[in-house]
Protein chains: 2
Amino acid sequence: ETTATIIDGKSVAKQIKDEIASEISRMKETTGIVPGLAVILVGDRKDSATYVRNKKKACEAAGIKSYEAKLPEDSTEEEVLKFISEFNDDPSVHGILVQLPLPRHMNEETILNAVRIEKDVDGFHPLNIGRLAMRGRQEPLFVPCTPKGCIELLHRYGIDIKGKRAVVIGRSNIVGMPAALLLQREDATVSIIHSRTKNPEEIARQADIIISATGQPNMVKGSWIKPGAVIIDVGINPVDDPASPRGYQLVGDVCYEEACKIASAITPVPGGVGPMTIAMLLSNTLISAKRVHNFE
Amino acid sequence: ETTATIIDGKSVAKQIKDEIASEISRMKETTGIVPGLAVILVGDRKDSATYVRNKKKACEAAGIKSYEAKLPEDSTEEEVLKFISEFNDDPSVHGILVQLPLPRHMNEETILNAVRIEKDVDGFHPLNIGRLAMRGRQEPLFVPCTPKGCIELLHRYGIDIKGKRAVVIGRSNIVGMPAALLLQREDATVSIIHSRTKNPEEIARQADIIISATGQPNMVKGSWIKPGAVIIDVGINPVDDPASPRGYQLVGDVCYEEACKIASAITPVPGGVGPMTIAMLLSNTLISAKRVHNFE
Ligand SMILES: NC(=O)C1=CN([C@@H]2O[C@H](COP(=O)(O)OP(=O)(O)OC[C@H]3O[C@@H](n4cnc5c(N)ncnc54)[C@H](OP(=O)(O)O)[C@@H]3O)[C@@H](O)[C@H]2O)C=CC1
Ligand SMILES: NC(=O)C1=CN([C@@H]2O[C@H](COP(=O)(O)OP(=O)(O)OC[C@H]3O[C@@H](n4cnc5c(N)ncnc54)[C@H](OP(=O)(O)O)[C@@H]3O)[C@@H](O)[C@H]2O)C=CC1
């Protein structure tokens, strides 16, 4: 039977979104200003369109004004940059998000780096990452959404980080690497596992806290987990399932059935980290608007 | 008895400086240009003056033109910034180095960030650190000297990094943190120990490679070391020694007497990492000059 606490990301995300909505209405009352988020979508990938629609809905529910630029698949880099430049200059836009992946003929880095760092609510600008890595210096303007959501879940569930052994599985620019930096900032002792790691199971088993972001369905077995460890499963992986109406189901990186009997707390997939990412995007947009308008 | 290979940083540094000198004479012959390094020294700390003198000497020996700005202890931040701005604009200066520590009344970050990133041969600019942390993006313009020197020693001694367990002890902006990022870039599996780590000995003992930069004399005992591990000891720590004419001697973070019987290779202190730092500074200055003048 399940003995672990189920970390309910969906309900925490809802709570955070409510908090944000009430902050925004306070801001609107006091200053007349609402935060604005611009999303740039290039091409017609269905999954990207869904993500963008969900972000828009979440913005509206929270009171954030959303702006959208939809460009055809065969747009040029210059056309995308033109929209970014306009949003950069538009004072009612406090955050700019470029939906990834971009079409193959575009240089992702060129386009992402064109977003003004003050509006880079994704927190992916290298200057932001540098600040995240450095201590005693200027703070990053924004913390990347998914890793920020992972840490927020730990906080809201009262899970101590300081002095704990933390193992991050995966080292991507958008999840694993910034998650490791955030855990270290909170004084965890961090180890990072990746595809070249020889004995991942042995290392993972030392962790008090595991954050997994590999995209490998069910890779983290029960035997990888120290009894009582806390598991944050970032993975969202489709696996074939003829029994499901869609023909597939979504699973995490962690073998949930085994883990939930060994861990002390675990995020389910879906309903764990996933909903937190959008909540953190709204949070970063609000932070940006507050900063520009000196609203506390 | 010592069974470990002694990693002779002094001799590797000499070899590198010779390589740099011959590159520079080739550059001079072909283009008429020599690299230039500017050092800014504020105040009259004896140790800082010594470091600056040594850097100058090393520059001259390698054929790098050195520039110096010496300012009194009670200078203002603006005065320092004025010198930085002049060096930023001077095309014969390819690297700018601000000798630390600065007087207390100055904001170190403001001053360091004023150095143009193209001339930040120390590699401490947050944008550089961000690029070091990110994968598949623009490379950092410069890699911080001391950690670069550590990795260079591993390379020159033919020590494999890929897939190895590496433990970095210390997480400072100038040594530990970038050293961990560099090891990870070379596909080591990295764990980072700091002052809040609860069981450093147990973690260190899993390492194939240890890089220690804590400033704690003789902290890393023999019992911390797995037989056959490679030890890079960055620490340079004065400890009282009435028998020495200076009244003190310099020791590393690692208890050398114990470690040299257990490790397969180890850097001595002094004569290990220390000499590599200046060699890497010259290397970064040459890289900068080559980049500006498109010289390969
Ligand atoms: N909840 C959310 O909102 C979000 C969820 N995700 C999900 O998180 C997962 C990871 O995403 P992302 O970080 O973008 O993925 P990436 O593919 O960019 O990175 C995967 C990382 O996992 C490592 N890895 C891959 N296979 C293994 C293995 N067998 N053992 C150990 N490490 C391995 C890779 O190592 P190496 O570096 O050596 O290649 C890499 O560092 C996906 O399932 C994705 O859908 C992502 C973003 C947001
Ligand atoms: N060879 C060379 O050219 C150079 C040598 N050095 C030498 O390297 C050493 C470190 O320098 P630097 O990085 O600037 O030092 P800092 O003081 O900036 O950083 C020391 C780091 O070690 C950690 N630490 C301190 N005590 C312990 C402990 N008991 N257990 C575990 N970790 C500990 C600290 O942890 P926390 O973050 O939790 O405080 C911190 O991260 C010094 O001896 C210095 O002289 C430095 C630069 C160049």
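This tour steps through a predicted model of two chains and two ligands, one selection at a time.

**Before you start**

This is a predicted model in which local features need pLDDT of at least 70, side-chain atom pairs count only at pLDDT 80 or more, and totals for chains, interfaces and linings use all residues. Residues are numbered from 1 along each chain as its sequence is written, chains are lettered from A and ligands numbered from 1 in the order in which they are written, and side-chain values use heavy atoms, with hydrogens and water left out.

**Stop 1: both chains**

Colour chain A and chain B separately. Two copies of a chain are related by a rotation about an axis and a shift along it. Here a turn of 180° and a shift of 0.0 Å along the axis lay chain A on chain B, with an RMSD of 0.0 Å. The two copies are thus related as by a two-fold rotation axis. The superposition is by least squares on the C-alpha atoms of residues with pLDDT of at least 70 in both copies.

Now look at where the chains meet. Of the interface residues of chain A, 100% are also interface residues in chain B, so the copies meet through the same surface. Contact here means heavy atoms within 4.5 Å.

**Stop 2: ligand 1**

Select ligand 1. It lies between chains A and B. There are 21 residues around ligand 1, and A:Arg171, A:Ser172, A:Ser195, A:Asn237 and A:Thr277 come nearest. A residue counts as near if one of its heavy atoms lies within 4 Å.

Next, show the polar contacts (pairs of N or O atoms within 3.5 Å; within protein, one must be able to donate a hydrogen and the other to accept it, and residues adjacent in sequence count only if both atoms are side-chain atoms). A polar side-chain atom of A:Asn237 is 2.7 Å from an oxygen atom of ligand 1. The side chain of A:Thr277 also has an N or O atom 2.7 Å from an oxygen atom of ligand 1. From the other chain, select B:Arg135: an N or O atom in its side chain is 2.9 Å from an oxygen atom of ligand 1.

**Stop 3: ligand 2**

Move to ligand 2. Which chains surround ligand 2? Residues from chains A and B do, so the site is shared between chains. Among the 21 residues around ligand 2, the nearest are B:Arg171, B:Ser172, B:Ser195, B:Asn237 and B:Thr277.

Select B:Ser195. One of its polar side-chain atoms lies 2.5 Å from an oxygen atom of ligand 2. At B:Ile236, a backbone N or O atom lies 3.0 Å from an oxygen atom of ligand 2. Chain A takes part through A:Arg135, with a side-chain N or O atom 2.9 Å from an oxygen atom of ligand 2.

**Stop 4: the largest cavity**

A cavity is a set of points, on a 1 Å grid over the protein atoms alone, where a 1.4 Å probe fits but cannot get out; lining residues have an atom within 4 Å of a point. Grid points are joined across faces, edges and corners, and a volume is the space filled by probe spheres set on the points. The count comes to six cavities of 30 Å³ or more.

The largest holds about 170 Å³. Select A:Ala180, A:Leu181, A:Ile192, B:Leu181 and B:Ile192, which lie nearest its centre among 13 lining residues. Helix 7 (176-185) of chain A gives the most to this lining, with five residues. Helices (H or I, at least four residues) and strands (E, at least two) are DSSP runs, numbered from the N terminus.

**Stop 5: the second largest cavity**

This one has a volume of about 70 Å³. Strand 4 (95-98) and helix 4 (108-114) of chain B each give two or more residues to its lining. Strand 4 of chain B has the largest share, three residues. Lining residues to select include B:Ile96, B:Leu97, B:Asn113 and B:His125.

**Stop 6: backbone details**

Most residues other than glycine have a negative phi, and most peptide bonds are trans. Select B:Leu100 and B:Pro101: the peptide bond joining them is cis, with omega about -5°. B:Pro101 sits in the loop between strand 4 and helix 4 of chain B. Another cis bond runs from B:Val269 to B:Pro270, with omega near -5°. B:Pro270 is in the loop between strand 11 (265-266) and helix 10 (274-292) of chain B.

End at A:Asn218. Its phi is positive, near 60°. A:Asn218 lies in the loop between strand 7 (209-212) and strand 8 (230-233) of chain A.

Key:
1 Å grid on protein atoms, 1.4 Å probe; cavity = no way out; pocket = protein on both sides within 12 Å on 5 of 7 lines; lining within 4 Å.
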